[in-house]
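Here are my notes on this one, written for someone opening it for the first time. Keep the viewer open as you read.

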Amino acid sequence: DFFIEYDQQQRDKYDRALAHCFLPDGQYLNAMLIEEGLASLTLIPPNLRYSDKLIEAQSRAE
């Protein structure tokens, strides 16, 4: 099973879930998807808990 961690806001204005997802081995799925070019980075304040890791993943993808 994977683990979902919510930040300060759990939903956006379109009622979509905003969550950080981790695989059973602890890998950060959000960052993995960005780094592989399968997702793009969108930071939505105040949900900035892992922003440094996500920005690094975006840089590696570029």
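The points below go from the overall picture to single residues.

1. Before anything else: this is a predicted model. Please read every value here as computed from that model.

2. Let's start with the layout. You'll find 2 helices and 2 strands in the protein. Walking along from the N terminus, the order is β-β-α-α, so to speak a strand pair followed by a helix pair in the sequence.

3. How does the radius of gyration compare with that of a compact globule? A compact globule of 62 residues would come out near 11 Å, and the protein has 12 Å, so the two agree. If you prefer a box, the C-alpha atoms fill one of roughly 30 × 25 × 20 Å along the principal axes.

4. On burial and surface, 26% of the 62 residues count as buried. The exposed area is about 4600 Å², and carbon and sulfur atoms supply 51% of that.

5. A word on charge. There are 6 positive side chains and 11 negative ones. The centres of those two sets lie 6 Å apart.

6. What about contacts across the sequence? Take the contacts between residues at least 6 apart: 34% of them join residues at least 24 apart. Some of the single residues below give you a feel for contacts across the chain.

7. Now the strands. Strand 1 covers residues 3-11 and strand 2 covers residues 17-22; they run antiparallel, with 5 bridges joining them. One pair to look up is tyrosine 6, which stands opposite alanine 19 in strand 2. As a general reminder, side chains in a regular strand alternate between the two faces of the sheet.

8. The hairpin deserves a look too. Between strand 1 and strand 2 there are 5 residues, and aspartate 15 is found in that loop. Its phi is near 70°, a positive value in a residue other than glycine. Is aspartate 15 buried or exposed? Its relative accessibility is 53%, and because the cut-off for exposed is over 50%, aspartate 15 counts as exposed.

9. Histidine 20 sits in strand 2 and is buried, with a relative accessible area of 7%. Which residues does histidine 20 touch, not counting those up to four places away in sequence? The list is Phe3, Ile4, Glu5, Asp7, Tyr28, Asn30, Arg49 and Tyr50. Its C-alpha is 8.3 Å from that of phenylalanine 3, with the two positions 17 residues apart in sequence terms.

10. Tyrosine 50 turns up in that list, and it makes a good next stop. Tyrosine 50 lies in the loop between helix 1 and helix 2. At 17% relative accessibility, tyrosine 50 counts as buried, because buried means under 20%. Leaving out residues up to four places away, tyrosine 50 touches Glu5, His20, Phe22 and Tyr28. Tyrosine 50 and aspartate 7 are 43 residues apart along the chain, yet their C-alpha atoms are separated by 9.1 Å.

11. The loop between helix 1 and helix 2 also holds proline 46. Check the peptide bond joining proline 45 and proline 46: it is cis, with omega about 10°.

12. Leucine 41 is another residue of that loop, which runs between helix 1 (29-35) and helix 2 (51-61). At 24% relative accessibility, leucine 41 counts as partly exposed. Setting aside neighbours within four places in sequence, leucine 41 is in contact with Ile34, Leu54, Ile55 and Gln58. Leucine 41 and alanine 57 are 16 residues apart in sequence and 8.8 Å apart in space, C-alpha to C-alpha.

13. Last, alanine 31 in helix 1. Is alanine 31 buried or exposed? Alanine 31 counts as buried, at 10% relative accessibility. Beyond its neighbours within four places in sequence, alanine 31 is in contact with Leu54 and Ala57. From alanine 31 to tyrosine 6 the C-alpha distance is 15 Å, and the two are 25 residues apart in sequence.

Terms used
Residues numbered from 1 in each chain as written. Predicted model: local features only at pLDDT ≥ 70, side-chain atom pairs only at ≥ 80, totals over all residues. Heavy atoms only, no water. Helix = DSSP H or I, 4+ residues; strand = E, 2+ residues; numbered from the N terminus. Rg over C-alpha atoms; globule rule 2.2 N^0.38 Å. Buried < 20%, exposed > 50% of the residue type's maximum accessible area, 1.4 Å probe, protein only. Contact = heavy atoms within 4.5 Å. Areas by Shrake-Rupley, 256 points an atom, 1.4 Å probe, with all protein chains shown as cover. Lys, Arg positive; Asp, Glu negative; His and termini not counted. Charge placed at Lys NZ, Arg CZ, Asp CG, Glu CD. Pairing = 2+ DSSP bridges.
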